Amino acid sequence: MKYLKYTPYLYLILGAVFIYDGVAKWGHTNETPMISFFIGCLAVFMFFFRRRFAKKIEDQNKKP
């Protein structure tokens, strides 16, 4: 279960990809960049949420 320690970074990478996609779509008339920005911001939020939640569980498990 060591891989669960690294999965929040997948959210960070996906957030960067979707934000880049939103910036790339910004100048086109037929594209909707707001959806990409929303998904990117949600992924960055999930990164911080999962990291904080994992730290809280780890601290709880350390207590006797």
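In which helix is Ser-36 found?

## Ser-36 and its surroundings

Ser-36 is found in helix α2 of what is a predicted model, and the description that follows should be read with that origin in mind. With a relative accessible area of 4%, Ser-36 is buried, because buried means under 20% on this scale.

The side chain of Ser-36 is joined to the side chain of Asp-21 by a polar contact of 2.9 Å. Asp-21 also appears among the residues that Ser-36 touches once residues up to four places away in sequence are set aside, a list that otherwise holds Phe-18, Ile-19, Gly-22 and Lys-25. Since α1 is the run 8-25 and α2 the run 33-62, these contacts of Ser-36 with Phe-18, Ile-19, Asp-21, Gly-22 and Lys-25 link α2 to α1.

## Overall form

The fold of the protein consists of two helices and zero strands. Its radius of gyration is 16 Å, whereas the globule rule gives 11 Å for 64 residues, so the protein is more spread out than a compact globule. A box of roughly 60 × 15 × 10 Å, taken along the principal axes, is filled by the C-alpha atoms.

Of the 64 residues, 12% count as buried, and Ser-36, at a relative accessible area of 4%, is one of the buried residues. When contacts between residues at least 6 apart in sequence are considered, 42% of them join residues at least 24 apart.

## Ala-43 and Phe-53 in α2

Ala-43 is another residue found in helix α2, and at 9% relative accessibility Ala-43 counts as buried, because the cut-off for that class is under 20%. Leaving aside neighbours within four places in sequence, Ala-43 is in contact with Tyr-11, Leu-14 and Gly-15. The C-alpha atoms of Ala-43 and Leu-12 are 6.4 Å apart in space, although 31 residues separate Ala-43 from Leu-12 in sequence.

Phe-53, which is also found in helix α2, has a relative accessible area of 46% and is partly exposed, because that value falls between the 20% below which a residue is buried and the 50% above which a residue is exposed. Between Phe-53 and Ala-43, which are ten residues apart in sequence, the C-alpha to C-alpha distance is 15 Å.

## The largest pocket

The largest pocket has a volume of about 290 Å³. Its lining is made up of Leu-4, Lys-5, Pro-8, Tyr-9, Arg-50, Arg-51, Ala-54, Lys-55, Ile-57 and Glu-58. Both α1 and α2 supply at least two residues of this lining, and the largest share, six residues, comes from α2. In terms of residue class, the lining has five nonpolar and five charged residues, with no polar ones.

Leu-4, one of the lining residues, lies in the segment before α1. The relative accessible area of Leu-4 is 36%, a value that makes Leu-4 partly exposed. Along the chain, Leu-4 and Phe-45 are 41 residues apart, and their C-alpha atoms are separated by 17 Å.

Methods: Residues numbered from 1 in each chain as written. Predicted model: local features only at pLDDT ≥ 70, side-chain atom pairs only at ≥ 80, totals over all residues. Heavy atoms only, no water. 1 Å grid on protein atoms, 1.4 Å probe; cavity = no way out; pocket = protein on both sides within 12 Å on 5 of 7 lines; lining within 4 Å. Points joined across faces, edges and corners; volume = space filled by probe spheres on them. Helix = DSSP H or I, 4+ residues; strand = E, 2+ residues; numbered from the N terminus. Nonpolar A, V, L, I, M, F, W, Y, C, P; charged D, E, K, R; others polar. Buried < 20%, exposed > 50% of the residue type's maximum accessible area, 1.4 Å probe, protein only. Polar contact = N/O pair within 3.5 Å; in protein donor to acceptor, adjacent residues only side chain to side chain. Contact = heavy atoms within 4.5 Å. Rg over C-alpha atoms; globule rule 2.2 N^0.38 Å.
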